[in-house]
Amino acid sequence: MPRSKRMLWLAIGVLVTMAVPGRAVFGGEAAEPVLLADMDGGNGGVNIDLAVRQVSVTPVRAHVGDIIHVEVLIENKFEGSRTTPAELLVNGKVVASHLFTWGMSAGDRLNQVSFDWDTRKVPPGEYRIGGQAFVWEDSSPFDNRLDVKQPVLIAPVGGGFPGGEAAGGSATETDPRFGKQGAGG
């Protein structure tokens with residue numbers, strides 16, 4: 001048998017040995033069995049699922065030095081309780097973080113976290129805003145981030161905006177699975 005096949009079978013044997021529940025003895029002490037994801041029968045596992053449901057940005061047309069206010073609505077869809085960071089993203093990079101506590105009671109499913117992004121040191125341009133809340137144990141991490149489709153335009157102090165629009169405006173992005181609900185339910 002070629003050497004590469006032997007190594008493959010050896011690796012498979014080691015992995016199978018590690019994954020099969022049983023009592024192993026290491027260094028004179030009995031080790032606990034290793035359980036795979038579905039081997040505990042559903043007992044004791046907590047289903048954690050946070051979802052960023054809505055991100056609102058005001059204003060979407062601003063000048064360097066203005067404050068951009070961002071509201072992030074996060075839903076605790078299942079179980080658990082913890083303090084977790086919610087993060088403000090600008091062009092995909094974290095620029096601010098706030099801790100929030102979720103899951104204190106079953107009726108508290110929505111958490112609204114506010115950010116104020118100071119643009120004093122930001123060059124003029126277009127910026128994509130998003131919000132995220134990440135927990136390692138999340139059962140569906142695909143919905144932990146939401147980006148606003150409309151960019152924020154930052155103009156130089158005293159500068160104008162495309163189409164002669166004035167500073168201001170707002171944009172809200174809502175996860176389509178969340179429907180028309182907002183922070184009020």
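**Figure 1. Pairing of β9 with β12 in a predicted model.** Strand β9 and strand β12, the latter covering residues 152-155, pair in the antiparallel sense over three bridges in this predicted model. Within this pairing, G125 has I154 of β12 as its bridge partner. Both strands belong to an open sheet of three strands, arranged in the order β4-β12-β9 with mixed pairing. The edges of this sheet are formed by β4 (61-63) and β9 (125-127), each of which pairs on one side only. From one strand to the next, the twist averages 30 degrees.

**Figure 2. Strand β10 and the strands that pair with it.** β10 is joined by five bridges to strand β6, which spans residues 82-90, and the two run antiparallel. Across this pairing, L89 stands opposite G130 of β10. β10 also pairs with β11, again in the antiparallel sense, over three bridges, and here G130 stands opposite D147 of β11. Strands of a sheet pair in this way through backbone hydrogen bonds, in either a parallel or an antiparallel arrangement. Five of the five residues of β10 are buried, so the strand is largely enclosed by the rest of the structure. I129, G131 and A133 point one way from β10, while G130 and Q132 point the other way, and all of these residues are buried.

**Figure 3. Surroundings of V135 in the loop between β10 and β11.** V135 is placed in the loop between β10 (129-133) and β11 (145-147). Is V135 buried or exposed? With a relative accessibility of 2%, V135 counts as buried, because the limit for that class is under 20%. When neighbours within four places in sequence are left aside, the contacts of V135 are I48, L50, R82, T84 and W102. For L50, which is 85 residues from V135 along the chain, the C-alpha atoms of the two residues are separated by 7.6 Å.

**Figure 4. Surroundings of N76 in strand β5.** N76 lies in strand β5, which covers residues 67-76. At 1% relative accessibility, N76 counts as buried. Leaving aside neighbours within four places in sequence, N76 is in contact with D49, L50, W102, G103 and R109. Of these contacts, L50 and W102 also appear in the list for V135, which was drawn up with neighbours within four places in sequence left aside.

**Figure 5. The salt bridge between E75 and R53, and the network that includes both residues.** E75 forms a salt bridge with R53, in which the closest N and O atoms are 2.8 Å apart. The pair links distant parts of the chain, with E75 in strand β5 and R53 in strand β3 (residues 50-58), 22 residues apart. E75 and R53 are both buried. Together with D175 and R177, these two residues are linked in a network of salt bridges. A search of the whole structure finds 10 salt bridges.

**Figure 6. The salt bridge between R61 and E165.** In the salt bridge that R61 forms with E165, the closest N and O atoms are 3.8 Å apart. This pair links distant parts of the chain, since R61 is in strand β4 and E165 is in the loop between β12 and β13 (171-174), 104 residues apart. How does burial compare with exposure across this pair? R61 counts as buried at 15% relative accessibility, whereas E165, at 44%, counts as partly exposed.

**Figure 7. The salt bridge between E173 and K149.** The side chains of E173 and K149 meet in a salt bridge, with an N to O distance of 3.7 Å. E173 lies in strand β13 and K149 in the loop between β11 and β12, so the pair ties together parts that are 24 residues apart in sequence. E173 is buried, having a relative accessible area of 15%, whereas K149 is exposed, with a relative accessible area of 63%.

**Figure 8. Confidence along the chain, with two stretches of low pLDDT.** The chain averages a pLDDT of 80, and 71% of the residues score at least 70. Over residues 29-43 the pLDDT stays under 50, and for this stretch the model has 19 contacts beyond four places in sequence. Over residues 181-185 the pLDDT is likewise below 50, and this stretch has eight contacts in the model beyond near neighbours in sequence.

Definitions and conventions: Residues numbered from 1 in each chain as written. Heavy atoms only, no water. Helix = DSSP H or I, 4+ residues; strand = E, 2+ residues; numbered from the N terminus. Buried < 20%, exposed > 50% of the residue type's maximum accessible area, 1.4 Å probe, protein only. Contact = heavy atoms within 4.5 Å. Pairing = 2+ DSSP bridges. Axes fitted to C-alpha atoms, helices over the stretch in contact; angles between N-to-C directions. Salt bridge = Lys/Arg side-chain N within 4 Å of Asp/Glu carboxyl O. pLDDT = per-residue confidence, 0-100.
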